[in-house]
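Here are a few notes for someone opening this structure for the first time. Please have the model on screen as you read.

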Amino acid sequence: MNLRANYSKRIRLSLAFSIVAMTVCAQSIWNAEHLEQVKKSLNQAAYSATYQNLLKQADKALNAHYLSVMMKDKTPPSGDKHDYLSQARYFWPDPTKPDGKPYISRDGVSNPELDKLDRNRLGEMANNVTTLALAWYFSGKEQYALKATKQIRVWFLDKKTCMNPHLKYAQVAPGHNNDLGRCYGVIDTYSLVEMLDAVQLLEKIPFVHLERFRAAKKMVRAITGLDSD
């Protein structure tokens, strides 16, 4: 491997490690004392409009379908839809090959096949949970918390819909590497960073089952390749 390629690989691995570290230490994103101060100041002009917008977004999430890895159109090479599957964004079928494989790179041009897999849905799920958790925290309305906790169960815990705790098929470039994922796959998990802060908030709900939240956090650590404490 030449020096340039080796340096590039080191940069990619460093980036991936940084993102994983952020995921595990998610509580560094939100400041609990600041959140409490904001909660007491929602009637002030500086916060009121943003709070109302948050509730609008939470109401949309409240009416959204529960999302899971079982909803993707393709099945991973393992044959198990519980396995997370995402695809290299800029790889496209080779028009000179009957099956299009191995895919070829078209730098800067996104392949719409991504929409049929899990990556975008993972981001939407994490965003919904985060929005609903904040809406519950600031408004006290339990319906937001109930929706968020159910979504967490659907994606991470329920046997019929849960994601298997690995990224073996993340950022696949079809026809390459035996159709296994690539090191870039861990970057998909950046969506989970704020969501873990949301889970931390939801643990304060009186009716919540704490063991389920601990199980969900353990799942996230397993997905990112790190063991729970």
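1. Start with helix 5, residues 142-157. Its 16 residues should span 22 Å at 1.5 Å a residue, and the end C-alpha atoms lie 21 Å apart, so the expected and modelled spans agree. Keep in mind that this is a predicted model.

2. Stay on helix 5 and look at burial. Its buried residues are Tyr144, Ala145, Lys147, Ala148, Thr149, Gln151, Ile152, Val154, Trp155 and Phe156. The list holds aromatic residues such as Trp155, and also Lys147 and Gln151.

3. Lys150 also belongs to the 142-157 stretch. Where does Lys150 lie relative to Tyr66? Over the face of the Tyr66 ring, 4.7 Å from the ring centre.

4. Another charge sits over a ring elsewhere. Arg106 covers the face of Trp92, with 4.3 Å to the ring centre.

5. How many aromatic pairs does a search of the whole structure find? One. Tyr137 and Phe138 make up that pair, in an edge-to-face arrangement. Their centres are 5.1 Å apart, with 75° between the planes. Both residues are buried.

6. Now turn to Gln171 in strand 4, residues 169-172. Is Gln171 buried or exposed? Its relative accessibility is 13%, under the 20% cut-off, so Gln171 counts as buried.

7. Gln171 has several partners. Its side chain makes a polar contact of 3.0 Å with the side chain of Asp188. Beyond four places in sequence, Gln171 touches Ser86, Gln87, Ala88 and Arg89. Its other contacts at that separation are Gly181, Arg182, Tyr184, Gly185 and, again, Asp188.

Definitions and conventions: Residues are numbered from 1 along each chain as its sequence is written. This is a predicted model: local features need pLDDT of at least 70, side-chain atom pairs count only at pLDDT 80 or more; totals for chains, interfaces and linings use all residues. Side-chain values use heavy atoms; hydrogens and water are left out. Helices (H or I, at least four residues) and strands (E, at least two) are DSSP runs, numbered from the N terminus. Buried means under 20% relative accessible area, exposed over 50%, partly exposed in between (1.4 Å probe, protein chains only). A polar contact is a pair of N or O atoms within 3.5 Å; within protein, one must be able to donate a hydrogen and the other to accept it, and residues adjacent in sequence count only if both atoms are side-chain atoms. Contact means heavy atoms within 4.5 Å. Rings of Phe, Tyr and Trp (its six-membered ring) pair if their centres lie within 6.5 Å; planes under 30 degrees apart count as stacked, over 60 as edge-to-face and the rest as tilted. A charge sits over a ring if NZ of Lys or CZ of Arg is within 6 Å of the ring centre and within 35 degrees of the ring normal. The expected span of a helix is 1.5 Å times one less than its number of residues.
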